[in-house]
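Visitor: Could you take me on a close look at one part of this model, the largest pocket, and at what surrounds it? I would like the cut-offs along with the values, please.

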Amino acid sequence: MLRLVFGALRRRGAQSLAVFALAALFVAVAAAGPLFDAAAAERTTAADLAGTSAADRLLSVRRPVATGSDPAAALAGFRRAAEAVLPPPGGPVALGLTQTLVARADGIGKMVPLAYRDNTPASTCASTAPARPRSGRPSSAAPPPRC
């Protein structure tokens, strides 16, 4: 059987070479299909995002995190976990966490959210609350410094 095939290939060498070249071309195109699909999807997504507003491009990721006494370390761990599953950012990244504290005054507990932000410009986190001494009476002292 193989003698018959090799004999036919020898007698029609040009046609055999043409069929082999076409088969190689078809295999190359079939192998490149998934690569083209991924590139086309990426470019389509980039074109869609280029036409949207910043509010529409916002991605919020949330999860409970134990902060302990070091919110910066907890935020760094959260950043590593989020970067492991998300694509590289195309713009600025702002990370933050909120922890609820219990403030006690005169035996009454009040829950107060404490926010910590990473890489936040100083102009966005200025406190406007007046400084209060322990006595609870307002003082004429300057407001707390900017963070």
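Guide: Gladly; here is the pocket, after a word on the model and the chain around it.

This is a predicted model, in which local features need pLDDT of at least 70, side-chain atom pairs count only at pLDDT 80 or more, and totals for chains, interfaces and linings use all residues. Residues are numbered from 1 along each chain as its sequence is written, and side-chain values use heavy atoms, with hydrogens and water left out.

The pLDDT (the predictor's confidence in each residue, from 0 to 100) averages 76 over the chain, and 79% of the residues score at least 70. Residues 125–131 have a pLDDT below 50, and beyond near neighbours in sequence this stretch has 10 contacts in the model; a contact means heavy atoms within 4.5 Å. Residues 136–147 are also below 50, with 17 contacts counted in that way.

Read along the sequence, the pattern is α-α-α-β-β, that is, three helices and two strands. These are DSSP runs numbered from the N terminus: helices are H or I with at least four residues, strands E with at least two.

Now to the pocket itself. About 1,400 Å³ of space lies in the largest pocket. The term stands for an open set of points, on a 1 Å grid over the protein atoms alone, where a 1.4 Å probe fits, with protein on both sides within 12 Å along at least five of seven lines; lining residues have an atom within 4 Å of a point. Grid points are joined across faces, edges and corners, and the volume is the space filled by probe spheres set on the points.

The lining has 34 residues, and Leu 58, Leu 59, Ser 60, Val 93 and Ala 94 lie nearest the centre. Helix H3 (71–85) and strand S1 (95–105) are the elements that give two or more residues to this lining, and H3 provides the largest share, six residues. By type, the lining divides into 21 nonpolar, seven polar and six charged residues.

Ala 94 sits in the loop between H3 and S1. Ala 94 counts as exposed because its relative accessible area is 68%, where exposed means over 50%, buried under 20% and partly exposed in between, with a 1.4 Å probe and protein chains only. Its C-alpha atom is 9.9 Å from that of Ser 60, 34 residues away along the chain.

H3 and S1 also each supply at least two residues of the largest nonpolar core, which consists of Ala 74, Leu 75, Phe 78, Leu 95 and Leu 97. Leu 95 touches Leu 75, Phe 78, Arg 79, Tyr 116, Arg 117 and Asp 118, not counting residues up to four places away in sequence.

Methods:
Ala, Val, Leu, Ile, Met, Phe, Trp, Tyr, Cys and Pro count as nonpolar, Asp, Glu, Lys and Arg as charged, and the others, Gly among them, as polar. A nonpolar core is a set of buried Ala, Val, Leu, Ile, Met, Phe, Trp, Tyr and Cys residues joined through side-chain atoms within 4.5 Å.
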